[in-house]
Structures are given as C-alpha cells and as structure tokens.
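Subject: Handing over the structure

Hello,

I am passing this structure on to you, and I hope you enjoy looking through it. Please open it alongside this email, and my notes will follow below.

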Amino acid sequence: MAAERDEPGRNAEREPLISVRDLVVGFGDRLVLNGLNLDIMRGEILGFIGPSGSGKSVLTRTVLGLTPKQSGSITTFGVDLDEASRADRRAVERRWGVLFQQGALFSSLSVLQNVQVPMREYLKLSDGLMDELAMLKLEMVGLKPDVGEKSPSELSGGMIKRVALARALALDPDIVFLDEPTSGLDPIGAQDFDELISTLQKTLGLTVFMVTHDLGSLYSVCDRIAALGDGKILKAGTIDEMLESDDPWLKSYFHGKRA
Ligand code: ADP
Ligand code: MG
C-alpha cells in the first residue's frame with residue numbers, strides 16, 4: 001500500500017528479514033527442531049538461547065542452508081532458497097556474514113588473508129584493493145593495521161573473535177549470524193565484544209542473530225530474545241517479557257544463574 005511506503009522507517013523495522021515456518025530438522029529418527037517458527041526482524045539484535053544440545057547451532061546452520069531440513073520453509077530476504085536459482089542463492093549468501101561456534105580462523109593464512117576469504121569467493125577485486133578493504137574491516141572491529149600481517153596463533157582469544165567478526169563483515173552483510181561469539185572470553189572481553197556489536201548495529205544498521213549464554217549480552221545488547229526448547233520457540237520477547245515468564249526452564253535460566 002502507498003501509505004505504508006510513505007513510512008519506510010516504521011515499516012522497515014517490522015519487516016522480517018528471515019522467516020522460518022514449521023521447520024523440522026532431524027538426524028536419523030531424532031528430531032532436533034520440530035515445527036519451529038521464528039522471524040528475525042530487520043535491524044534487531046536477536047539473542048537466541050536454549051539448553052545445551054537443544055538445536056541452536058542446528059537452527060543457525062539450517063537457516064544458512066548448511067544442514068538439510070525435513071520440512072518447513074525458510075524465507076531469506078524474501079527468497080525461498082529451496083526454490084532459488086544458483087545465481088539467486090549466491091546473491092542471498094553474499095548478504096549474510098557468519099561467525100560459527102567453532103569459527104576458527106585458517107591457521108595457515110595471515111589475519112588479513114582470513115578476512116579476505118569471502119571477498120575472494122564473491123568479489124572480483126585487485127589484491128591491492130582487497131588489502132585496503134580488509135584493513136578497513138579490521139579497523140571497524142577495533143584492531144590496529146599491524147594485526148593484519150600476524151598469524152592467528154599470535155592472537156588472544158578476544159582478538160580472534162574480532163578477526164572472525166571482521167571476516168563476517170567482509171561483504172558488508174545485511175545480517176550477521178554469531179554462534180556463541182563471547183564464549184571463552186573473560187567478562188571484560190565479552191563486554192567489549194557486546195559493545196562492538198551494539199555499535200555496528202547502530203552505525204551500519206546491521207541485523208544480528210546471536211546465539212549466546214551470556215546474560216550480560218542478553219541484558220545489555222539484545223533487543224529481543226528467543227528461547228528454544230523441545231524443538232520449538234518456547235518464548236520470544238524483550239528481556240522484561242522473558243523475565244516474567246512462568247516457564248520453569250526460563251525461570252531457572254534467568255533467576256537461577258548469576259544475575
Ligand atoms: P546447541 O543448542 O548446543 O547448539 P546443536 O544445535 O549443536 O545444539 O545440536 C542439537 C542436537 O543435534 C544435539 O543433540 C547434537 O548432537 C545433534 N546434532 C547436531 N549436528 C548433528 C549432525 N551433523 N549429526 C547428528 N546429530 C547432530
Ligand atoms: Mg551450539
């Protein structure tokens with residue numbers, strides 16, 4: 001409708017970038033996701049929680065098309081990847097960035113080369129231009145230019161996460177998927193990383209899907225939280241709405257842990 005188009009800001013915020021409907025994913029006869037529905041809205045930082053082994057990484061990988069689904073549909077930027085041509089698929093894939101849970105850097109490549117991996121896959125640029133672009137990405141995540149020449153083995157855990165984030169940002173994505181990005185970091189390192197995510201969301205208008213167990217992240221940077229349980233979304237809402245839930249798992253999660 002024309003009237004809606006006149007308010008791009010308001011409506012853009014409500015637009016789902018990714019819609020998951022009735023998703024079923026299993027391994028053998030064990031269903032991990034069993035009728036899951038979820039919308040990831042443009043511009044939000046969505047925190048995704050759930051017990052260990054509940055399927056958070058499986059959902060992430062299924063949305064990315066890396067794990068096959070039994071049934072259900074996933075619409076990404078308005079495209080159902082099951083029905084998309086190879087070219088359309090690639091066009092969608094270059095609009096997302098990923099930091100996997102086991103998202104190690106390639107140890108045989110320098111930091112700069114690691115950041116350039118997606119650029120080599122999707123862009124046709126000269127080496128010089130790619131160096132400049134990768135430097136810019138490093139700067140964006142708060143790393144100094146001299147880090148570019150280093151080997152990943154020379155970096156601290158926090159720096160490795162930042163380089164992995166720079167790589168996820170390599171193609172100026174609309175959305176980044178972060179699977180437990182602050183796990184293994186000390187509280188200060190985790191807080192710094194959260195602040196970076198928050199800044200990137202505000203300055204780049206980035207949408208962020210973040211699997212996390214970090215209560216600090218959930219309280220301070222997530223606009224909305226979705227909890228996974230029994231293969232479905234148990235509850236989704238703001239932190240205040242989650243805190244009010246009567247669900248026993250959510251209660252013990254938010255009130256039982258250090259708060
Ligand atoms: P988490 O919520 O901790 O990220 P995962 O999504 O990694 O949990 O795993 C959910 C369940 O699916 C676990 O029981 C795991 O063992 C199982 N699983 C994940 N990937 C595979 C696979 N490739 N083959 C068989 N089982 C898998
Ligand atoms: Mg996981």
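A word on what "surrounded" means here: a residue counts as near a molecule if its C-beta atom, placed from the backbone, lies within 6 Å of it. Please also keep in mind that this is a predicted model.

Let me start with the ligand. By that cut-off, the residues around ligand 1 are F27, V32, G50, S52, G53, S54, G55, K56, S57 and V58. Sorted by class, this shell holds 6 polar residues, 3 nonpolar ones and 1 charged one. Which element gives the largest share of the shell around ligand 1? That is helix α3 (residues 56-63), which contributes 3 residues.

Next, how far the predictor trusts its own model. The protein chain has a mean pLDDT of 91, with 93% of its residues at 70 or more. Where is confidence lowest, and where is it highest? The low end is helix α1 (residues 2-5), with a mean of 42, and the high end is strand β2 (residues 30-41), with 98. Over residues 1-12 the pLDDT stays under 50, and the model has 2 contacts beyond four places in sequence for that stretch. For the model as a whole, the scores are ipTM 0.98 and pTM 0.92.

Now to the sheets. One is an open sheet of 4 strands in the order β2-β1-β4-β5, with antiparallel pairing. Its edges are β2 and β5 (79-80); each has a single partner strand, so one side of each is left without a neighbour in the sheet. Within this sheet, strand β1 (residues 16-27) pairs with β2 over 9 bridges in the antiparallel sense, and S19 has D39 in β2 as its bridge partner. The hairpin of β1 and β2 has 2 residues between the strands, and G28 there takes a positive phi near 65 degrees. On β1 you will also find an antiparallel pairing with strand β4 (residues 71-76), over 5 bridges. V24 is a handy residue to click on: it stands opposite N34 in β2 and opposite S71 in β4. Helix α3, met above at the ligand, lies across β1, β2 and β4 and runs at about 120 degrees to β1.

The other sheet to look at is an open one of 6 strands, ordered β6-β7-β8-β3-β9-β10, with mixed pairing. At its edges are β6 (96-99) and β10 (232-237), each of which pairs on one side only. From one strand to the next, the twist averages 15 degrees. As an example of its pairings, strand β7 (residues 175-179) and strand β8 (residues 207-211) run in the parallel sense over 5 bridges, with L178 bridged to M210 in β8.

Last, a pair of helices. The axes of helix α5 (residues 111-122) and helix α6 (residues 127-140) come within 9 Å and cross at roughly 110 degrees, which means that α5 is roughly perpendicular to α6. From α5 the contact uses L112, V115, Q116 and M119, and from α6 it uses M130, D131, L133, A134, K137 and L138. By class, the residues of this contact are 7 nonpolar, 2 charged and 1 polar.

Happy exploring, and best wishes.

Terms used: Residues numbered from 1 in each chain as written. Chains lettered and ligands numbered in written order. Predicted model: local features only at pLDDT ≥ 70, side-chain atom pairs only at ≥ 80, totals over all residues. Nonpolar A, V, L, I, M, F, W, Y, C, P; charged D, E, K, R; others polar. pLDDT = per-residue confidence, 0-100. Contact = placed C-beta atoms within 7 Å. Axes fitted to C-alpha atoms, helices over the stretch in contact; angles between N-to-C directions. Parallel < 35°, antiparallel > 145°, perpendicular 65-115°, else oblique. Pairing = 2+ DSSP bridges.
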